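Visitor: I should like to go through this model and hear the grounds for each term that is applied to it. Please set each value against its definition.

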Amino acid sequence: MTQNLPHDDLHATGLRDAVARRGSPMRTLKAVAWSFFGVRRSSEHARDLEQLNPLHLIVAGIVAAAVFVGALVALVSWIISSGVAR
C-alpha cells in the first residue's frame, strides 16, 4: 500500500526509516574499517546500505579518523624523540 506523499515527505520518510535502523556496532566498525582500507565487495556495500544506521556510520567514521590522525601524530612524535630521524 503506497501513500500519496509530497516529494519532500517521501525523502523525510526514507531518512526516518534509515535512522531507525539498528545495525550492530561491530558491523558498523567493520564497514568503516573496510572503507578506510578502500576495498569492498559491492554485495557487502549494498547490504550495509540496507542494514546500517547512517548516523552511526558518520560518528564511527569521525572517531576512526580522529584515532588514525592521533596514532600518526604519536608515531611521528615517538620517531622524532627517539633520535632516529636525525
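**Grounds for the terms used**

Guide: Pro-25, Met-26 and Phe-37 are exposed, on the other side of α2 from its buried residues. Exposed means over 50% relative accessible area, buried under 20%, and partly exposed in between (1.4 Å probe, protein chains only). This is a predicted model, in which local features need pLDDT of at least 70 and side-chain atom pairs count only at pLDDT 80 or more, while totals for chains, interfaces and linings use all residues. Residues are numbered from 1 along each chain as its sequence is written, and side-chain values use heavy atoms, with hydrogens and water left out.

Visitor: What confidence does the predictor assign to the protein, and where is it lowest and highest?

Guide: The average pLDDT (the predictor's confidence in each residue, from 0 to 100) is 80, and 73% of the residues score at least 70. Confidence is lowest in helix α1 (residues 7-19), at a mean of 60, and highest in α4, at 93.

Visitor: How many helices and strands are there, and how are they defined?

Guide: Both are DSSP runs numbered from the N terminus: helices are H or I with at least four residues, strands E with at least two. The protein has four helices and zero strands, in the order α-α-α-α along the sequence.

Visitor: What makes the length of α2 agree with that of a helix?

Guide: The expected span is 1.5 Å times one less than the number of residues. Helix α2 (residues 25-37) has 13 residues, and the distance from its first C-alpha to its last is 18 Å, close to the 18 Å expected. Four of its residues, Arg-27, Thr-28, Ala-31 and Val-32, are buried.

Visitor: Why are these buried residues said to lie on the same side of α2?

Guide: They cover an arc of only 135° around the axis, and therefore share one side of α2. The arc is taken from the directions from the helix axis to the C-beta atoms. What covers the buried residues of α2 includes α3 and α4. Lys-30, also in helix α2, has a relative accessible area of 44% and is therefore partly exposed. Its C-alpha atom is 10.0 Å from that of Ala-60, 30 residues apart along the chain. After α2 comes Gly-38, with a positive phi near 95°.

Visitor: How many aromatic pairs are there, and by what rule?

Guide: Rings of Phe, Tyr and Trp (its six-membered ring) pair if their centres lie within 6.5 Å; planes under 30 degrees apart count as stacked, over 60 as edge-to-face and the rest as tilted. The count by this rule is two aromatic pairs. In one of them, Trp-34 and Phe-37 are 5.9 Å apart centre to centre with 65° between the planes, which is edge-to-face. These residues are three apart in helix α2, so about one helical turn separates them. Trp-34 is partly exposed at 39% relative accessible area, whereas Phe-37, at 60%, is exposed.

Visitor: Why is the pair of Phe-36 and Phe-68 called edge-to-face?

Guide: The ring centres of Phe-36 and Phe-68 are 6.4 Å apart and their planes stand at 65°, so the pair meets the edge-to-face rule. Phe-36 lies in helix α2 and Phe-68 in helix α4, so the pair ties together parts 32 residues apart in sequence. Phe-36 is partly exposed at 43% relative accessibility, and Phe-68 is partly exposed at 46%.

Visitor: Which residues does Trp-34 contact, apart from its neighbours within four places in sequence?

Guide: With those neighbours left aside, Trp-34 is in contact (heavy atoms within 4.5 Å) with Val-39 and Arg-40.

Visitor: Why is Asn-53 called buried, and what does its side chain do?

Guide: Asn-53 has a relative accessible area of 4%, so it is buried. It is found in the loop between α3 (42-51) and α4 (54-82). Asn-53 caps the N-terminal end of α4, with a side-chain oxygen 2.9 Å from the backbone nitrogen of Leu-55.

Visitor: How do you know that the span of α4 agrees with its number of residues?

Guide: The 29 residues of α4 should span 42 Å at 1.5 Å a residue, and its end C-alpha atoms are 42 Å apart, so the two agree. Just after α4, Gly-83 takes a positive phi of about 90°.

Notes. Polar contact = N/O pair within 3.5 Å; in protein donor to acceptor, adjacent residues only side chain to side chain.
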